[in-house]
Amino acid sequence: MKDLAFITLVAYAKQRPHYWVRFAKSVKRKPTIISHKRFYWHDYEGGQEEALFWARDWRDWEYRKLRSRGLIQPRGDWNKGIPPCYIAPRADNTTGRVGVQRHDYKRIKKHVKKDGTISWYENHSLWYAAIWIEYEEVDGIVLRRYRQQIFSIKKFGEEGARSLASEARAEAERYLQSPQHKVLRLRYQQQRNRAKPV
């Protein structure tokens, strides 16, 4: 949602409660904080509401500065409830499509025969995967789920597997932006806020 984009509430028992505003990007497969600031609150200074006000104010100012430098770019619309995301694809994404990954694993596996003899063979896994995070309701509780669809390069070919993975990711994105999924995402955020210690 717009008011909490890039803002994290930190309220642990052993820490002073505060809002943490941070912008990050991926550099050499590691997330790098390019700009951050903490806003602590006290009862005599207006409390949590005033801290959140200044966190939003600094976030908007810093966002415009980073945007003008080309460090981040908007792909969402705050007015529609879709926060902007960082520059895509990430530094560790070689497929050119966000949410689509190419996997190439080689493993040595062991096979035990009925007579007790052991043989070793190489298992080469090669595929494209469409990945995303979605929310679903189970017994009245909204859960965060990791999803992926795998398409074998040996079966569909290099271009075919990549195309199928891209289509699967596009279909998932349409669902993630649907009104019913936005409701689940909001309910999940509310659950987390209620579970955090005050």
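This passage walks through the overall fold and the nonpolar cores of a predicted model.

Starting with the basics, the protein chain has four helices and six strands. Read from the N terminus, these elements come in the order β-β-β-α-β-β-β-α-α-α. The chain runs to 198 residues, and 29% of them count as buried. About 13,700 Å² of the protein chain is exposed, with carbon and sulfur atoms supplying 50% of that area. As for how the chain meets itself, take the contacts with a separation of 6 or more: 44% of these link residues 24 or more positions apart.

On to the interior. In soluble globular proteins, nonpolar side chains tend to be buried together. Here, the largest nonpolar core holds 15 residues, and the ones touching the most other members are I7, Y19, V21, F23 and A55. Both β2 (18–27) and α1 (47–68) put at least two residues into this core. The top contributor is α1, which gives six residues.

Y19 is worth a closer look. Leaving aside residues up to four places away in sequence, Y19 touches I7, T8 and L9, then K37, R38, F39 and W41, and finally Q48, A51, L52 and A55. Two of these partners, I7 and A55, are themselves among the core residues that touch the most other members.

That core is not alone: a second, separate one is made up of 12 residues, including Y128, F151, I153 and A161.

How values were computed
Residues numbered from 1 in each chain as written. Predicted model: local features only at pLDDT ≥ 70, side-chain atom pairs only at ≥ 80, totals over all residues. Heavy atoms only, no water. Buried < 20%, exposed > 50% of the residue type's maximum accessible area, 1.4 Å probe, protein only. Contact = heavy atoms within 4.5 Å. Areas by Shrake-Rupley, 256 points an atom, 1.4 Å probe, with all protein chains shown as cover. Core = buried A, V, L, I, M, F, W, Y, C linked by side-chain atoms within 4.5 Å.
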